[in-house]
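Student: I am new to this structure. Please take me through one part of it closely, the four-stranded sheet and a loop beside one of its strands.

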Amino acid sequence: MTPTTIPTLQSHPSADGIWIGMRPAPDLCIADVPVPQGATTCVVVQGGTVQWVGPQDAWPAAWNALPRFDARGALATPGLVDCHTHLVYGGQRANEFAMRLAGATYEEVARAGGGIVSSVRATREASEDELFALALPRLQALLDEGVCSIEIKSGYGLALDHERKQLRVARRLGEALGVTVRTTFLGAHALPPEYAGRSQDYTDLVCNEMLPALAAEGLVDAVDVFCERIAFTLAETEQVFQAARALGIPVKLHAEQLSDMGGAALAARYGALSCDHIEHLSQAGIDAMKQAGTVAVLLPGAYYTLRDTHLPPIAALREAGVPMAVSTDHNPGTSPALSLLLMANMACTLFRLTVPEALAGITTHGARALGLQDTHGLIASGRPANFVLWPFADAAELAYWFGHKPARTIVRQGRIAKGA
């Protein structure tokens, strides 16, 4: 399969100019000059970078010659951040959706040869170009909604060549569509069939061969592990974390999704960027995450698809002050979601997040979960120009509506990706 030729972001017009008449969403914009709540704001963009944010009538005269873009009172937010996805894979798993509806559990599907291993088969059979062509419309759907930075994990190859193939496609997607892509090596996602009964041998392969080779090729921004009864033990997880630390690569963790394994506390000891899923997170895990500054990533799409009933400990996370991000967890088995705004709605309705918490979860805290807190997730001077203008009177509408793509204007990496 040959990928369709697509326009790159570089073919879109520059966003350099003075963007006037914007209304920043509450708590989501740091202005260089204080702006009263609800007041109109302007953002100065030059060289693809935000140079100044402040009241519309106070921008410095040095930029008077720049073109002006009238936002016409649109609500402004930072570009959205989807901080946990498995976007590159072959095949689909709709049959497993039907199995679960008929009563099979996640673990029963996995033990029957479905689950992650079925996606491994399809991914191994696909070429790099085929994987690129399959992932392209998925990523475009997210970008059309206002996503400006995204994480893409490997983990459906489970062999060096196939993990490399996934990560190379992730890099290509970022370059082709002009979006910030953070790649995460998830070689310890499941045990491949050829290593059945040899979990330690496969963990050694991940640590001693796969990770060093992929890191040397510049394909790894972070390292993740699925720490669970049906996946990798605490000891194996720590072995992977030690290998990542030796290479100077930050870690993340699929933690406490199906049971309390103590993975979050372990990840926090290694300064993890995030612990994700965390439905069964304990108070000890919360305390460790708070101390380490680790972000809790909530994945309501998987919770919904699996018809889970064990809620993540939102009140305890809130009380401890642990930042909560929200993400699609796009994957073919448990969260085939392609709308980050829908996830914000689900986080509010299913997990009882407040609207400000949900919006911070898909912007500021999402960026922090990727280690991008200094460049993404806020509209502020010195940062790349990534912001979205919405035709809404109230910020709550971002989490209220679902089923459409309401973004009026999207500025991504200093280019106007949508609107004018």
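Tutor: Contact here means heavy atoms within 4.5 Å. Keep that cut-off in mind for the loop. The model is a predicted one.

Start with the sheet. It is open and has four strands, in the order E10-E11-E12-E13, with parallel pairing. Strands E10 (252-255) and E13 (324-326) stand at the edges. Each has a single partner strand, so one side of each is left without a neighbour in the sheet. On average, neighbouring strands are turned by 25° against each other, direction ignored.

Now look at one pair. Strand E12, residues 295-298, joins E13 in the parallel sense over three bridges. Within that region, Ala296 stands opposite Met324 of E13. Strands of a sheet pair through backbone hydrogen bonds.

Next, move to E11. This strand spans 274-277, and a loop lies between it and helix H9 (283-292). Glu279 is found in that loop. What surrounds Glu279, leaving aside residues up to four places away in sequence? Glu279 touches Glu256, Gln257, Tyr303, Asp308, His310, Leu311, Pro312 and Pro313.

Is Glu279 buried or exposed? Glu279 is buried, yet it has no salt bridge. A salt bridge needs a side-chain nitrogen of Lys or Arg within 4 Å of a carboxyl oxygen of Asp or Glu. For Glu279, the nearest side chain of opposite charge is Arg229, and that is 11 Å away.

Key: Residues numbered from 1 in each chain as written. Predicted model: local features only at pLDDT ≥ 70, side-chain atom pairs only at ≥ 80, totals over all residues. Heavy atoms only, no water. Pairing = 2+ DSSP bridges. Helix = DSSP H or I, 4+ residues; strand = E, 2+ residues; numbered from the N terminus. Axes fitted to C-alpha atoms, helices over the stretch in contact; angles between N-to-C directions. Buried < 20%, exposed > 50% of the residue type's maximum accessible area, 1.4 Å probe, protein only. Lys, Arg positive; Asp, Glu negative; His and termini not counted.
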